[in-house]
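I opened this entry to work through one structure, sheet before helices. My notes follow in the order I looked things up.

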Amino acid sequence: MDPNQPTSRRPPATRDASGPDAPWTVRRILEWTVGHLARHGSESPRLEAEVLLAHARCCKRIELYTHFDEAVSDDERAAMRDLVQRRAKSEPVAYLVGRREFFSLDLRVTPDVLIPRPDTETLVVELLERARGVASPRILDVGTGSGAIAVAAAVHLPSAHVTAIDLSEAALAVARSNAESHGVADRLRFLHGDLFAPLTAGEQFDLIASNPPYVRDGELESLPPDVRLHEPMSALAAGPEGLDVIERVIAGAPAFLAGGGWLLVEISPRQSAAVLRQLERQGAYAKARGVRDLRGQVRVVVAQRRA
């Protein structure tokens, strides 16, 4: 709705307006949507309702509260109706609105990429800490997806040069757009291929980070519907124990990791013991340890390349 247009033909909504003939205000639509999404299994129906309505109205979430009793236009209601119907069928909110916040960055997402999650922020924090002592850190993000890790690193480390690899051309297109929107495209190199395959022999990095697929085959059917039905399976499934890709990252990284450099890999907490054993068996790493997330679970493993 254009706030500059005359509103004399429609009486203003009031706080106590109710009943089937009451105006569909921002407040009323939010209240109805919260209940509807809750009945369809949403774990955060209020947040989702606000995000969807802000998207339908092309405004910021905070602006919903400053226009709480304003009637919503027919076009906005139609857009909201479509979004809510799709969300009720488990389509992720991030895909519906095309955005996701990650590490205080507004990132574009599409069904071609895994939706960035707070768990991965643990990896970014650890990456930044280990990079700050390096004058111009060379960083490699293996399996970049939306570019969340690579873009966050480039934004927070102005002297860093980042290489991002992904097997999906569509994912790389999303990552490139995120790098451009955050003004770091000139320090990001995007390569298409499987893990380390696109790199030139002899290339060296100070830090290699990866959020690889790590879901066990037997767990796929038990994933929430919004994940199982909509997010790219290639970014989730990783064999009987969920370790197929992690083991390849651990095996391939030493050839491209500078002496004293660090490997950082996101994992499932239940995999920590097995991954740490794999790092020890590989022989090229020292100081391998787990890093706990805000819930106290080991979410990332780090190891230093022997000099």
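Which residue in strand 7 is the bridge partner of F205? I looked it up in the model, which is a predicted one, and found L257 as the partner of F205.

**Strand 7 and its partners**

I then followed strand 7 to both sides. Strand 6 (residues 205-210) is joined to strand 7 by five bridges, and the two run parallel. Strand 7 is also joined to strand 9 by five bridges, but here the two run antiparallel. As one pair from that second set I noted L263, whose bridge partner in strand 9 is A303. I checked burial as well: eight of the ten residues of strand 7 are buried, which leaves the strand mostly covered.

**The whole sheet**

Next I wrote down the strand order. The sheet is open and has seven strands, in the order 5-4-3-6-7-9-8, with mixed pairing. I asked myself why one side of strand 5 and one side of strand 8 are left without a neighbour in the sheet. Strand 5 (188-192) and strand 8 (285-292) stand at the edges and each has a single partner strand, so one side of each has no neighbour there. The twist from one strand to the next averages 15°.

For the edge at strand 8, I counted its links to strand 9 (residues 298-305): six bridges, with the two strands antiparallel. In this pairing R292 stands opposite V298 of strand 9. Helix 11 (residues 272-282) packs on the sheet and touches strand 7 (257-266), strand 8 and strand 9. The direction of helix 11 makes about 165° with that of strand 8.

Moving along the order, I looked at strand 3 (residues 138-142) and strand 4 (residues 161-166). Five bridges join strand 3 to strand 4, and these two strands run parallel. D141 has A164 in strand 4 as its bridge partner. Strand 4 is mostly covered, with five of its six residues buried.

**Helix 10 against helix 11**

I turned to the helices. Helix 10 (residues 244-252) packs with helix 11 at an angle of about 30°, and their axes are 10 Å apart. That angle makes helix 10 roughly parallel to helix 11, since angles under 35 degrees count as roughly parallel. Their crossing is right-handed. From helix 10 the contact takes I246, E247, I250 and A251; from helix 11 it takes V275, Q278, L279 and Q282. I sorted these by class and got five nonpolar, two polar and one charged.

**Helix 1 against helix 4**

What angle do helix 1 and helix 4 make where they pack? For helix 1 (residues 26-39) and helix 4 (residues 74-88) I read about 15°, with the axes 11 Å apart. Helix 1 is therefore roughly parallel to helix 4, and the crossing of the two is right-handed. On the helix 1 side I listed I29, W32, T33, H36 and L37, which meet R77, M80, V84, R87 and A88 of helix 4. The residues of this contact divide into six nonpolar, two polar and two charged.

**L123 and helix 7**

I picked one residue to follow through the fold. L123 lies in helix 6 (residues 118-131). Is L123 buried or exposed? Its relative accessibility is 0%, so L123 counts as buried. Setting aside neighbours within four places in sequence, I found L123 in contact with I149, A209, S210, L264, V265, E266 and V300. I also noted P213, 90 residues from L123 along the chain, with 15 Å between the two C-alpha atoms.

I149 led me to helix 7 (residues 148-156), where seven of the nine residues are buried, so the helix is largely enclosed by the rest of the structure. The buried residues are A148, I149, A150, V151, A152, A153 and A154.

**Overall figures**

I closed with the totals. The protein has eleven helices and nine strands. Its C-alpha atoms fill a box of roughly 75 × 40 × 35 Å along the principal axes. Of its 307 residues, 50% count as buried. Among contacts with a separation of 6 or more, 65% are between residues 24 or more positions apart.

How values were computed: Residues numbered from 1 in each chain as written. Predicted model: local features only at pLDDT ≥ 70, side-chain atom pairs only at ≥ 80, totals over all residues. Heavy atoms only, no water. Pairing = 2+ DSSP bridges. Helix = DSSP H or I, 4+ residues; strand = E, 2+ residues; numbered from the N terminus. Axes fitted to C-alpha atoms, helices over the stretch in contact; angles between N-to-C directions. Contact = heavy atoms within 4.5 Å. Parallel < 35°, antiparallel > 145°, perpendicular 65-115°, else oblique. Left-handed = near helix turned anticlockwise from the far one by under 90°. Nonpolar A, V, L, I, M, F, W, Y, C, P; charged D, E, K, R; others polar. Buried < 20%, exposed > 50% of the residue type's maximum accessible area, 1.4 Å probe, protein only.
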